[in-house]
Amino acid sequence: MTKWFSWYRDADSTARRALIAASFGWMLDSFDVNLYALVLPKLMVGLGIDRTTAGTLQSVTLLAAAAGGLTFGVLADRWGRARALMASVLIYSVFTAACGFANSALELAIFRIGLGIGMGGEWASGAALVSETWPDRHRGKALAFMQSSWAIGFALAALVSYLVQ
C-alpha cells in the first residue's frame, strides 16, 4: 500500500498542501451537490416548492459554477492560484452557510448562485494549482487523487442524509 503512494513523497510541501486543499474542496463540493439532492424531498416540503423549482435551483447552482470557473480562472491568472483558491473557498463557505437560513425559494436561489460561483472558482483554481505545483511525472496521479475525493464527498453526503432523516 505504501508503494502505491510513494509518489506523494516525491513532491514538495507546497505541492502536497495544494493537493490536500484542492481535494478537500472537491470533496465538500460533492458533499453539497449530493446532499442537496438527497434532502430535496424534505426541502420541498419545508419551503413549499414544487419539483420544477427544486430542480431549477440545482441547475442554477451548476450554471453559476460554470460562471465561477470562468471568473476565477481569470482571477487566478491575475492574483495567483492560491489567492484565487482561498477567495473561492471563502465565497463558497459563506453562501453554503447562508443556505441553511433560507426561508424562501428566492433566498435559496440567491444563496445557491453565490455557492455555485465559489464552487466553480474552487474547481478552476484548485485544479490549476495542483497541476502547476506537482512534478510532471506525478501530475496525473495527483489530479486523479484530487478528483477521486468527489466520491468521498458523495459518500459523506449519503451518510449524513441517512443519519439525519
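Me: Buried means under 20% relative accessible area, exposed means over 50%, and partly exposed lies in between (1.4 Å probe, protein chains only). Of the 165 residues of the chain, what percentage count as buried?

Reply: This is a predicted model, in which local features need pLDDT of at least 70 and side-chain atom pairs count only at pLDDT 80 or more, while totals for chains, interfaces and linings use all residues. Residues are numbered from 1 along each chain as its sequence is written, and side-chain values use heavy atoms, with hydrogens and water left out. Among the 165 residues of the chain, the share that counts as buried is 38%.

Me: What is the radius of gyration of the chain?

Reply: Helices (H or I, at least four residues) and strands (E, at least two) are DSSP runs numbered from the N terminus, and the chain has six helices and zero strands. For 165 residues the globule rule (2.2 Å times the number of residues to the power 0.38, with the radius taken over C-alpha atoms) gives 15 Å, and the chain comes close to that, so it is as compact as a globular protein of that length, with a radius of gyration of 17 Å.

Me: What does the C-alpha trace of the chain span along its principal axes, and what percentage of the contacts with a separation of 6 or more is between residues 24 or more positions apart?

Reply: Along the principal axes the C-alpha trace spans about 55 × 40 × 20 Å. If contact is taken as heavy atoms within 4.5 Å, then, of the contacts in the chain with a separation of 6 or more, the part owed to residues 24 or more positions apart is 74%.

Me: Is Tyr-36 buried or exposed?

Reply: Tyr-36 belongs to helix 2, and, not counting residues up to four places away in sequence, it touches Leu-43, Ala-54, Leu-57, Gln-58, Leu-108 and Arg-112. Its C-alpha atom is separated by 38 Å from that of Asp-10, although the two residues are 26 apart along the chain. The relative accessible area of Tyr-36 is 6%, and therefore this residue is buried.

Me: Which helix gives the largest share of the largest nonpolar core, and how many residues?

Reply: A nonpolar core is a set of buried Ala, Val, Leu, Ile, Met, Phe, Trp, Tyr and Cys residues joined through side-chain atoms within 4.5 Å. The largest one has 15 residues, of which Tyr-36, Ile-49, Ala-54, Leu-57 and Leu-108 touch the most other members. Helix 2, helix 3 (51-79), helix 4 and helix 5 each supply at least two residues of this core, and the largest share comes from helix 2, with five residues.

Me: Which helix gives the most residues to the lining of the largest pocket?

Reply: On a 1 Å grid over the protein atoms alone, a pocket is an open set of points where a 1.4 Å probe fits, with protein on both sides within 12 Å along at least five of seven lines, and lining residues have an atom within 4 Å of a point. The largest pocket holds about 360 Å³, and its 16 lining residues include Asp-32, Leu-35, Thr-96, Cys-99 and Arg-112, which lie nearest its centre. Helix 2 (13-47), helix 4 and helix 5 (105-133) each supply at least two lining residues, and the one that gives the most, with eight residues, is helix 2.

Me: What is the volume of the second largest pocket, and which residues are closest to its centre?

Reply: The volume of the second largest pocket is about 310 Å³. Its lining has 18 residues, and the closest to the centre are Arg-17, Ala-21, Leu-85, Met-86 and Leu-129.

Me: Is Arg-81 buried or exposed?

Reply: Arg-81 is found in helix 4, which covers residues 81-99. Leaving aside neighbours within four places in sequence, Arg-81 is in contact with Ala-76, Ser-125, Ala-128, Leu-129 and Glu-132. The relative accessibility of Arg-81 is 18%, and therefore this residue counts as buried.

Me: With which residues is Phe-154 in contact, leaving aside its neighbours within four places in sequence?

Reply: Phe-154 has its place in helix 6 (residues 139-164), and it counts as partly exposed because its relative accessibility is 40%. The C-alpha atoms of Phe-154 and Leu-28 are separated by 8.9 Å, with their positions 126 residues apart along the chain. Leaving aside neighbours within four places in sequence, the contacts of Phe-154 are Ser-30 and Asn-34.

Note on methods:
Grid points are joined across faces, edges and corners, and a volume is the space filled by probe spheres set on the points.
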